[in-house]
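Biologist: I am new to this structure and would like a close look at a single part of it. Please take one salt-bridged residue and work outward from there.

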Amino acid sequence: MPGTFNPQGKKVILSLSGGGMRGLISLALLTELERHSGRPIYEQVDLIAGTSTGALMAAGFAVGMSAERILTEIYRDALPRAFGRRGPFFWLRFLLRQGRYLYSLEPFVRTLTPYVANLRVGDIEAPILLLTTTDARNGNTYYIVSRGPGRARFANWPLAGAVAASAAAPVFFPPVRGNLIDGGVGVHYNPCFSAAVEAMEYLGAAEGFEDGNVILIALGSGYTPALYGDGDARRFHLLDWAFYAYQIGFSQADQQQVSTTRRLYGQRLDFRYYNPLFTRESLQHNLGLSLQGRPDPRQIGLDSTERAALDLLEETGRAYARRIDWRRENIMPWQTRGGQPERDDALAPIHWEDSLFSG
């Protein structure tokens, strides 16, 4: 990890994507950055944007927690206990809720209480906080901000409520106040573009976010490609299509936000996006991790809490961070060792010799 990432003292934006417990990858990466720099993350950034699990991390930084403390106290201890163990009673409770959601929000809100106490969004001073949530009534996204023109609308929102709203993933959790759901429902799973717009257009020079004086660091929670063989789709059923739409939707939304940020702000700020390729092959060959007897990365989901899964997520983030050259500007994951590969937009061949209607 040679060099510091901000030798010129520029304004720094940190964007944290969703991903549930897989957010451990981002946190572990940030703990390595803290160790390398000797300073907590909240002292090194000026604006933190977060969606879903990224909102939880962002709020932790905003109240003065280090990445190491968030990782240890919340992601390794409190959250696994809040999720609990799956068993017969887990599915019974799901059925009693008429299949509407898997987990109650109360244990997670109680998890946040010791850290955010009775704080309101407007109480946050530095770093500036930006969270996203979606209103299920109309599909609109709320950009919950602690400073700037949008502050007045959200200043009195409880911070714990804002985090819960950003993380209330459908099926996993019930909507907050009956309406607010995960900010990642839509295109804001990766909030990097929202962060760039907020900083450069709304906060602007008054807060020091001027052209040439900004670094935007965006972190993903691990990229696991959705790969299917030739003709697999003809055998898909309803659940297969639902899972496919879920995977592709997040992947394409993430790529859209990154591409849009690069296209519109690439000449105005230094945009750096880090996201490891979370496959067995990459972890072994690129990051040097041993996978013998360990979970298949593809099976580690948003609500995985098994110790072996958490260990692998943490080790992935730390190993990836140690291979990043923090001096390098305007870098994408495919330019890092073990990073998410560049999307292949080449058109796959379609063979028309067979009947058009073969299925």
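Modeller: Arg 318 is buried, at a relative accessible area of 17%; this falls under the 20% limit for that class. The model is a predicted one. The side chain of Arg 318 forms a salt bridge with that of Glu 32, at 2.9 Å from N to O. This pair ties together distant parts of the chain, since Arg 318 sits in helix 11 (residues 307-321) and Glu 32 in helix 1, 286 residues apart.

Glu 32 is buried as well, with a relative accessible area of 4%. Glu 32 also has a salt bridge to Arg 35, where the N to O distance is 3.1 Å. Here both partners belong to helix 1 (residues 23-37) and are three residues apart, about one turn of the helix. Arg 35 is exposed, with a relative accessible area of 57%, whereas Glu 32 is buried.

A further salt bridge joins the side chains of Glu 207 and Arg 147, at 3.0 Å from N to O. This pair, too, links distant parts of the chain: Glu 207 is in the loop between helix 8 (192-203) and strand 6 (214-219), and Arg 147 is in the loop between strand 4 and helix 6 (151-154), with their positions 60 residues apart. Glu 207 counts as partly exposed at 23% relative accessibility, and Arg 147 is partly exposed at 26%. Returning to Arg 318, salt bridges with shared partners connect Glu 32, Arg 35, Glu 68, Arg 76, Asp 311, Glu 314, Arg 318 and Arg 322 in one network. Over the whole structure, a search finds 18 salt bridges.

The nonpolar residues come next. In soluble globular proteins, nonpolar side chains tend to be buried together. The largest nonpolar core in this model holds 77 residues, and Leu 14, Leu 16, Leu 29, Leu 30, Phe 61, Tyr 75 and Tyr 274 have the most contacts inside it. Helix 3 (residues 67-83) contributes the most to this core, giving eight residues. Phe 61 can serve as an example: beyond its neighbours within four places in sequence, its contacts include Leu 14, Leu 16, Leu 27, Leu 30, Ile 41 and Pro 127. Apart from this core there is another, of 24 residues, among them Val 145, Ala 195, Ala 218 and Val 258.

Tyr 75, one of the residues with the most contacts inside the largest core, also has a polar partner. Its side chain and that of Thr 53 are joined by a polar contact of 2.5 Å. Thr 53 lies in helix 2 and is buried, with a relative accessible area of 7%. Leaving aside neighbours within four places in sequence, Thr 53 touches Ser 17, Gly 18, Gly 19, Gly 20, Gly 23 and Tyr 75.

Helix 2 also leads to helix 7. The buried residues of helix 7 pack against helix 2 (53-62), helix 5 (106-116), strand 2 (47-51), strand 3 (128-135), strand 4 (141-145) and strand 5 (180-182). Those buried residues are Leu 159, Ala 160, Ala 162, Val 163, Ala 164, Ala 165 and Ser 166. Because seven of the nine residues of helix 7 (residues 159-167) are buried, the helix is largely enclosed by the rest of the structure.

Technical notes
Residues are numbered from 1 along each chain as its sequence is written. This is a predicted model: local features need pLDDT of at least 70, side-chain atom pairs count only at pLDDT 80 or more; totals for chains, interfaces and linings use all residues. Side-chain values use heavy atoms; hydrogens and water are left out. Buried means under 20% relative accessible area, exposed over 50%, partly exposed in between (1.4 Å probe, protein chains only). Helices (H or I, at least four residues) and strands (E, at least two) are DSSP runs, numbered from the N terminus. Contact means heavy atoms within 4.5 Å. A nonpolar core is a set of buried Ala, Val, Leu, Ile, Met, Phe, Trp, Tyr and Cys residues joined through side-chain atoms within 4.5 Å. A polar contact is a pair of N or O atoms within 3.5 Å; within protein, one must be able to donate a hydrogen and the other to accept it, and residues adjacent in sequence count only if both atoms are side-chain atoms. A salt bridge is a side-chain nitrogen of Lys or Arg within 4 Å of a carboxyl oxygen of Asp or Glu.
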